[in-house]
Amino acid sequence: MYALEVKNLTKSFGKLVAVDNASFEVPEGSIFGLIGRNGAGKTTTIRMMMGIYLPDNGEVVLRGVKVGQEFKNQVGYLPEERGLYKKMKVLDTLLYFAEIKGKSGREIQRRAEDYLKRFELYDRRLSKVEDLSKGNQQKLQFISTVLHEPEFIILDEPYSGLDPINTNLLREIILEMKQKGKVIIFSTHLMDFAEKMCDHIVMIDHGKIILKGSMKELKSKYAQKNVSLTYDGDISFLKTNPLVEKLSDYGNTTGIKLKNANDAQQLLKLLVDKNINVKKFDANDISLQEIFVELAGHENGNNGKEVRNV
Amino acid sequence: MFNYRVIAVIKRELKEKLFSKAFIILTLMIPGMIFIFGGVSVMLNLTESKGLKFELVVENPSILLDFQTEFSKADFVTKKNYVFGYSSLKRDEFRNFLNDKKQQIINDNLTGVFFIPDSAMNNKKIEYYSKSPQNISLSRELEKPINKIFLNIFFKGKSLSAEDLDFARSGVDFTGFKVSKDEKIAEEGYGNLVLSYALSILLYMSLLMIGQMAMQSVIEEKGSKIVEVILSSVSSKELMTGKILGSAITGVAQMAVWLGTILAVSSSALIALPPEISLNVKPELVIYVLLNFFIGLVLFVGLFSMMGAIFDNAQDAASGNMPIMMLIIIPFFIAISMMENPNKPYVEIASLFPFASIIVMPARMAMIDVPLWQLILAVCINLATIYAIFPIAGKIYHVGILRTGKKPKWSEVIKWLKYKY
């Protein structure tokens, strides 16, 4: 059963096709990642899901029904570009955000106060937002995203601009929401984060979906013949070795693609023989980054137009 | 269109604008300032010409006494304490006299010198020497008594009855009567002129103030990136509607405070206005002005919000919204120019013209009786204008608020209209 189905979404701005016939499904109770580089069309897709943009074509279906205001009320949305009313008081801000979601009254006020206590902001509830530190403003923004108890949490590039403490805090909130059975959808260009957090992903490049599925399945599909290596020493000799088809350096780890899936043991022996200090040798493992590069070409090879500020 | 989301937005707008300290202070300050300025200018009028010193020189000594007696009875001597020195000199001697007095005039020890030549008995031309010879209020004050003296002398010895003489002496006195649909024809002072003037200024100020505030608030929402968060709950149409109505209610409340003050002053016994400027403020006028203004605010705030959405900082917006400012400034000047003659043909057109009618119609109503059909037509034309331009303004608003980066060209803004939003 899918919680949300995106069907054939298309959106262009003038001549630029920002999202091109994108279809994917978000399963119930999943942490779902929308992955792609900057300008790939992630934000435009999310905006269409939220009904902020009207798609040129296609539709978004929520548990069998086309999305509308009902869906908006069930979503907690944290856009990449976030903001608060600077002159508004902390508690007023939370109550206002809940009110436009259709939640008001004593119950929501109590819950807002609970959250403020938990995030150590209760003493500041009557302060103006502009008087809070940036980190505290981010906390306030998180609370406003989840205060109305949404069924869906949509986070667009959630980690951009967060300090380490708030990064952890947000991760905590995401996991807590997952435990409560909520659906979490987030977009990111950071493959590491996506790899750690998501159980389902869709990869988008130049407005087109290039990959989708559960993380496990995708990895096992793309991991064959692949070795993920962490080491000390010089492995440049591998470039010309007949066992190896391709060598990709990702900084911390190196991805090695073998010509034959059964050659992994031979490769390990070769490394040990050449006195390479092998710290981690993971056969049949592949990082999301490697999959992305394999599918979308080199990261810097940005040959198309990108969507910005539209 | 009206739902809890729009109402929540309106509530927030009112909290931010109507109930902000700065706004309340400004709203209360403006009528206060008007009274202070009014009071100061009245005081200046009263004090300005007190204690002036003049020399009056006649060429014919036989008429000197006539001037002395007539002037000693005149208001400007009895009330304003003008001091006159009297002498009788021939034209040649007057030249020397004037040379002697020149320094005094320049030092302001002497305000001016009047010379009444013999020829004045025939052509009533007299000469005035001063640092500021084109003094209208002075000539207005002196004209009557001097004319009276000339007439006395001219008709002396001619067999005229005292009655004939009195008639000849008297000037023409204009008394304005306002002809209206009412049975009675009322004598009218300058009160309506003052009211018309006040309405023009207040409407103009409030439109600018509320319009600018609305634009600022859109720029702020866009600049602080809050707008996308809001749009995840509220549609852009609902947001725009809420903001416009919030601003319009704020503006009408402000205008109600101002007009209420005028109404209170005009009907209060405490502040006795001079009869010439007694204001005749009808409650119907106030109600119409408020209604008309509400519609006007909706129209203008819609445009200002659109401008705020196109630009992302106040400087760019300030230059970009010039055309809209013109829609406020030009009608204001038309309204002011109307004071001279409210029957100018362009005034009638302007009072029905979309945008312009918001200022011109109330100003015109204060001066003359405007037919009811014109009042209704002006409102309908503005409503039709709203109906025509709001879909466009709404679309530009929608595209604009989510757009950041470099200042868009107008040609790009037109392209936005083709996007499907």
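**Exercise 1. Domains of the two chains**

Chain B splits into domain 1 (4-34 + 190-416) and domain 2 (51-173). The structure you are looking at is a predicted model. Task: find how far apart the C-alpha centres of domain 1 and domain 2 of chain B lie, then turn to how chain A is divided.

Solution.
- Step 1. Start with chain B. Domain 1 of chain B is written as two stretches, 4-34 and 190-416, while domain 2 covers 51-173.
- Step 2. Take the C-alpha centres of these two domains of chain B: they lie 53 Å apart.
- Step 3. Move to chain A, where domain 1 runs over 2-217 and domain 2 over 225-283.
- Step 4. For chain A, the centres of domain 1 and domain 2, again over C-alpha atoms, are separated by 39 Å.

**Exercise 2. A profile of each chain**

Task: describe chain A and chain B by their secondary structure, and say what share of the residues of each chain is buried.

Solution.
- Step 1. Count the elements of chain A: ten helices and 14 strands.
- Step 2. Do the same for chain B, which has 18 helices and six strands.
- Step 3. Look at burial. In chain A, 40% of the 310 residues count as buried, and in chain B the buried residues make up 33% of 421.
- Step 4. Consider contacts between residues at least 6 apart in sequence. Of these, 72% join residues at least 24 apart in chain A, and 75% do so in chain B.
- Step 5. Add the extent of chain A: along the principal axes, its C-alpha atoms fill a box of roughly 70 × 45 × 35 Å.

**Exercise 3. Strand β1 of chain A and its partners**

Task: work out how strand β1 (residues 2-13) of chain A pairs with β2(A) and with β4(A).

Solution.
- Step 1. Follow β1(A) to strand β2 (residues 16-27) of chain A. The two pair in the antiparallel sense, over eight bridges.
- Step 2. Pick out one residue pair: A:Leu9 is found opposite A:Ala22 of β2(A).
- Step 3. Inspect the hairpin of β1(A) and β2(A). Two residues lie between the strands, and A:Gly14 has a positive phi near 60 degrees.
- Step 4. Now find strand β4 (residues 57-62) of chain A, which pairs with β1(A) over five bridges, also in the antiparallel sense.
- Step 5. Here A:Glu5 has A:Val61 in β4(A) as its bridge partner.

**Exercise 4. A four-stranded sheet in chain A**

Task: give the strand order of the open sheet of four strands in chain A, and name its edge strands.

Solution.
- Step 1. Read across the sheet: the order is β12-β13-β11-β14, with antiparallel pairing.
- Step 2. Look for strands that pair on one side only. These are β12 (244-249) and β14 (277-283) of chain A, the edge strands.
- Step 3. Check the turn from strand to strand: direction ignored, neighbours in this sheet are turned by 20 degrees against each other on average.
- Step 4. Zoom in on β12(A) and strand β13 (residues 254-258) of chain A, an antiparallel pair with five bridges. A:Asp249 has A:Thr254 in β13(A) as its bridge partner.

**Exercise 5. Two helix pairs**

Task: decide whether α5(A) and α6(A) are roughly parallel or antiparallel, and do the same for α12(B) and α16(B).

Solution.
- Step 1. In chain A, helix α5 (residues 134-146) and helix α6 (residues 164-179) pack at about 10 degrees, and their axes are 10 Å apart. Angles under 35 degrees count as roughly parallel, so α5(A) is roughly parallel to α6(A).
- Step 2. Among the residues that meet are A:Phe142 and A:Val146 in α5(A) and A:Leu169 and A:Ile173 in α6(A). By class, this contact has seven nonpolar, three polar and one charged residues.
- Step 3. In chain B, the axes of helix α12 (residues 283-310) and helix α16 (residues 357-367) come within 9 Å and cross at roughly 170 degrees. An angle over 145 counts as roughly antiparallel, so α12(B) is roughly antiparallel to α16(B).
- Step 4. The residues in contact include B:Tyr288 and B:Phe293 of α12(B), and B:Met361 and B:Pro362 of α16(B). They divide into nine nonpolar, two polar and no charged.

**Exercise 6. Where the chains meet**

Task: find how many residues of chain B are in contact with chain A.

Solution.
- Step 1. On the chain B side there are 22 residues, in contact with 25 residues of chain A.
- Step 2. In chain B, the elements giving two or more residues to this side are α1 (4-16) and α10 (226-231).
- Step 3. Sorted by class, the chain B side has nine nonpolar, five polar and eight charged residues.

Note on methods
Residues numbered from 1 in each chain as written. Chains lettered and ligands numbered in written order. Predicted model: local features only at pLDDT ≥ 70, side-chain atom pairs only at ≥ 80, totals over all residues. Axes fitted to C-alpha atoms, helices over the stretch in contact; angles between N-to-C directions. Parallel < 35°, antiparallel > 145°, perpendicular 65-115°, else oblique. Contact = placed C-beta atoms within 7 Å. Nonpolar A, V, L, I, M, F, W, Y, C, P; charged D, E, K, R; others polar. Domains from an automatic or database assignment. Pairing = 2+ DSSP bridges. Buried ≥ 20, exposed ≤ 12 C-beta atoms within 10 Å, placed from the backbone.
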